[in-house]
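Here are a few notes to read alongside the structure. Take them one at a time, and keep the 3D view open as you go.

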Amino acid sequence: MNWEKGQQLRSLTKPLITREQLKAYADASGDHNPLHLDDDFAKELGFPSVVAHGMLSMAFMAEHALFNFPEDQYQLLRLRGKFRKVTLPGDVPTCEGSVRQVKGNEITVGLRIKNQKEEVTTDGEATFRKL
Amino acid sequence: MEATEHIGEVIEFDGYSVSQSEVRSFIDATGSQYIKGIPPTLGTVFRKTEYDWLDRLEVDLKMLLHGDQEYEYVRPLKVGCKLSVRTKLDDVKERNTKLGKMQFVRVVTELLSDGEVAVIGKTTFVVRHPAKEAK
């Protein structure tokens, strides 16, 4: 695959976020902050309900990146994500991105996750080296 | 001691390893059907020293948000490898916002696999202090 600046990545839509997934992710990641698990606690802090871990969104971003740049063909060098808006149970995240730069065999892509309301919840960047 | 006086200090922990069941749980919980090896964000599991920093800075974990995260991949992690982590406090800043005082705590964590740096993680935590004003 020859990547070009501006080229769109294949998008990836993740399943609807559920409280069960937040519980499973809390167990898998070790982050049991009640903000992600206890609705009353989250509401006391001003959120409409529990919110997803920012790092869960970043996991989606990483998967989307590897979906476009498979591990047997590309080596991931860097990944970064900035958490802009909360993700709530009931949200449907869609991962999108485009090529920002191609420098020799290194490709840098801009990445973002939008929810079903087209709001950007997370954005970031990844750099790959073609193997 | 002021938080900024700790900048540059490092907390270390030597006692993690990467297990197959941990990787499996992480892949299942994130629904990562397109990831075949070690998930790139698995480093988030190994944050003990980052939480130790938040304890040392007396951060109220209830007021903690994750601002941003960056990973640089130096060497691959493998199932069965022994991990040690060292986290340096990189910066602490305060700002007044319309939501009150916000504290930005930036840490840099090196994840070493069998003694060699494998992943470098840079994390910005955002701590909300709605009742307080920044100095």
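1. Let's start with a term we will need: a salt bridge is a side-chain nitrogen of Lys or Arg within 4 Å of a carboxyl oxygen of Asp or Glu. Please keep in mind that this is a predicted model. By the salt-bridge rule, the count over all chains comes to 21.

2. Try finding A:Glu106 and A:Arg129, which form a salt bridge with their closest N and O atoms 3.9 Å apart. A:Glu106 lies in strand β4 of chain A and A:Arg129 in strand β5 (residues 120-130) of chain A, so this pair ties together parts that are 23 residues apart in sequence. A:Glu106 is partly exposed, with a relative accessible area of 26%, and A:Arg129 is also partly exposed, at 32%.

3. Now look at A:Lys114 and A:Glu118, a salt bridge whose closest N and O atoms are 3.5 Å apart. Which of these partners is buried and which is exposed? A:Lys114 counts as buried at 16% relative accessibility, because buried means under 20%. A:Glu118 is exposed, at 54%.

4. In chain B, the side chains of B:Lys48 and B:Asp52 meet in a salt bridge of 2.9 Å, N to O. Both sit in helix α2 (residues 48-56) of chain B, four residues apart, so about one helical turn separates them. An α-helix has 3.6 residues a turn, so residues three or four places apart point the same way.

5. Next, the sheet. It is open, has ten strands with antiparallel pairing, and runs in the order β1(A)-β3(A)-β4(A)-β5(A)-β2(A)-β2(B)-β5(B)-β4(B)-β3(B)-β1(B). The edge strands are β1 (12-13) of chain A and β1 (10-17) of chain B, each pairing on one side only. Within chain A, strands β3 (residues 94-103) and β4 (residues 106-114) pair over nine bridges, and A:Val99 stands opposite A:Val109 in β4(A).

6. Helix α3 (residues 54-68) of chain A is a nice one to check by hand. At 1.5 Å a residue, its 15 residues should span 21 Å, and its end C-alpha atoms are 22 Å apart, which agrees. The helix is mostly covered, with 15 of its 15 residues buried.

7. Finally, the pockets. The largest has a volume of about 980 Å³ and is lined by 42 residues, with A:Phe83 and B:Leu64 among those nearest its centre. β2(B) gives the most to this lining, with five residues. The second largest pocket holds about 480 Å³ of space, and its lining has 16 nonpolar, three polar and two charged residues.

Notes: Residues are numbered from 1 along each chain as its sequence is written. Chains are lettered from A and ligands numbered from 1 in the order in which they are written. This is a predicted model: local features need pLDDT of at least 70, side-chain atom pairs count only at pLDDT 80 or more; totals for chains, interfaces and linings use all residues. Side-chain values use heavy atoms; hydrogens and water are left out. Helices (H or I, at least four residues) and strands (E, at least two) are DSSP runs, numbered from the N terminus. The expected span of a helix is 1.5 Å times one less than its number of residues. Buried means under 20% relative accessible area, exposed over 50%, partly exposed in between (1.4 Å probe, protein chains only). On a 1 Å grid over the protein atoms alone, a cavity is a set of points where a 1.4 Å probe fits but cannot get out, and a pocket is an open set with protein on both sides within 12 Å along at least five of seven lines; lining residues have an atom within 4 Å of a point. Grid points are joined across faces, edges and corners, and a volume is the space filled by probe spheres set on the points. Ala, Val, Leu, Ile, Met, Phe, Trp, Tyr, Cys and Pro count as nonpolar, Asp, Glu, Lys and Arg as charged, and the others, Gly among them, as polar. Two strands pair if DSSP finds at least two bridges between them.
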